[in-house]
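User: I am new to this structure and would be grateful for a close look at a single part of it. Please set out the surroundings of that part in one connected account.

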Amino acid sequence: MQPPSAASQQPQPSANNDNTISITLRSLKSPPLNLTLPSQSLATSIFELKQKVAKEIQRDSTDGIKILYQRKPCSDAKTVGEVVGEEGAKEVEFGVMVVGLSAAGPSAAGGEDVKMGGVEEGKGKVPAAQGQSGEEVLGSAEFWDDLKGWLMQRVRDEGKADEVWSLFKRGWDER
């Protein structure tokens, strides 16, 4: 029996020969976002996607912007090709989560002034917290997803970030 020829061992070209992909960045929460980026290179980094989102929602930095693929945060250093695989897909959708927009208020996205409830001019009172707090927040999947994303950004090692996140989660669940 003869060994297979070198031509038969060559990787097959993908259906997407030009190594580009159409990317949709979608956020269902505030700010609503549905941004389509046609013909993006598979070598585009997740950080570059964050920069495009920041520009679209008129933010100066990418702080608080998380790119999600299949509901899991993506590391800034990874490329689109590494995240979705290079199987020849022609389009992909990423979720976008913008954390801390409420602190920046509508001015970050729309130019309106923000009024903080509970603050009296010159009195130095701290504004009252609004929205979920305490047990409600800690019981939400969004909190744990945010924590995981934050850990990945800070640790920059997906395995270690997952390990630390699991310790936090297990500790909270077992209390």
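User: How many of the residues of β3 are buried, and is the strand largely enclosed or not by the rest of the structure?

Analyst: The model is a predicted one. In this model, 5 of the 5 residues of β3 are buried, so the strand is largely enclosed by the rest of the structure. Strand β3 covers residues 65-69.

The side chains of β3 are divided between two directions. Ile-65, Ile-67 and Tyr-69 point one way, while Lys-66 and Leu-68 point the other way. Residues on both sides are buried, the lysine Lys-66 among them.

The partners of β3 come next. Strand β5 spans residues 91-98. It runs antiparallel to β3, and 4 bridges join the two strands. Within this pairing, Lys-66 of β3 stands opposite Met-97 of β5. Another partner is strand β4, made up of residues 72-73. Here too the sense is antiparallel, and the pairing extends over 2 bridges. In it, Tyr-69 stands opposite Lys-72. Together β3 and β4 form a hairpin, with 2 residues between the strands. Gln-70, which lies in the turn, has a positive phi of about 55°.

Tyr-69 also takes part in a contact between aromatic rings. The structure has 3 aromatic pairs in its count. In one of them, the ring centres of Tyr-69 and Phe-94 are 5.5 Å apart and the ring planes stand at 50°, so the pair is classed as tilted. Because Tyr-69 belongs to β3 and Phe-94 to β5, this pair ties together parts that lie 25 residues apart in sequence. Tyr-69 and Phe-94 are both buried. The two strands are thus linked by this ring pair as well as by their bridges.

Strand β5 has a further link, this time to β1. Glu-93 and Arg-26 meet through their side chains in a salt bridge, at 2.8 Å from N to O. Glu-93 is in β5 and Arg-26 is in strand β1 (residues 20-27), so that the pair links distant parts of the chain, 67 residues apart. In contrast to the buried ring pair, Glu-93 is partly exposed, at a relative accessible area of 43%. Arg-26 also counts as partly exposed, with 28% relative accessibility. This is one of the 6 salt bridges that the structure holds.

β3 also contributes to the lining of a pocket. The largest pocket contains about 980 Å³ of space. It is lined by 28 residues, and those closest to its centre are Lys-29, Leu-68, Val-96, Met-97 and Glu-142. Leu-68 belongs to β3, where it points the same way as Lys-66. Met-97, also in that list, is the residue of β5 that stands opposite Lys-66. At least two residues of the lining come from each of β1, β3, β5, α4 (101-104) and α7 (141-155). The strands described above therefore meet the helices α4 and α7 in the lining of this pocket, because each of these elements supplies residues to it.

From the pocket, the account can turn to other aromatic contacts. Phe-143 and Trp-144 have ring centres 5.0 Å apart and ring planes at 85°, so their pair is edge-to-face. Phe-143 is partly exposed, with a relative accessible area of 25%, whereas Trp-144 is buried, at 7%. Ring pairs link these two residues with Trp-165 into a cluster. The charged end of Lys-148 sits over the ring of Trp-165, 4.2 Å from its centre.

Contacts between charged residues are also found in helix α8, which comprises residues 158-174. Glu-163 and Lys-160 form a salt bridge, with their closest N and O atoms 3.7 Å apart. The two residues are 3 apart in the helix and so are separated by about one helical turn. Asp-173 and Lys-169 form another salt bridge, the closest N and O atoms being 3.3 Å apart. Their spacing in α8 is 4 residues, again about one helical turn.

In summary, β3 is a strand largely enclosed by the rest of the structure. It is joined to β5 by 4 bridges, pairs with β4 in a hairpin, and supplies at least two residues to the lining of the largest pocket.

Terms used
Residues numbered from 1 in each chain as written. Predicted model: local features only at pLDDT ≥ 70, side-chain atom pairs only at ≥ 80, totals over all residues. Heavy atoms only, no water. Phe/Tyr/Trp six-rings, centres within 6.5 Å; stacked < 30°, edge-to-face > 60°. Buried < 20%, exposed > 50% of the residue type's maximum accessible area, 1.4 Å probe, protein only. Lys NZ or Arg CZ within 6 Å of the ring centre and 35° of its normal. Pairing = 2+ DSSP bridges. Salt bridge = Lys/Arg side-chain N within 4 Å of Asp/Glu carboxyl O. 1 Å grid on protein atoms, 1.4 Å probe; cavity = no way out; pocket = protein on both sides within 12 Å on 5 of 7 lines; lining within 4 Å. Points joined across faces, edges and corners; volume = space filled by probe spheres on them.
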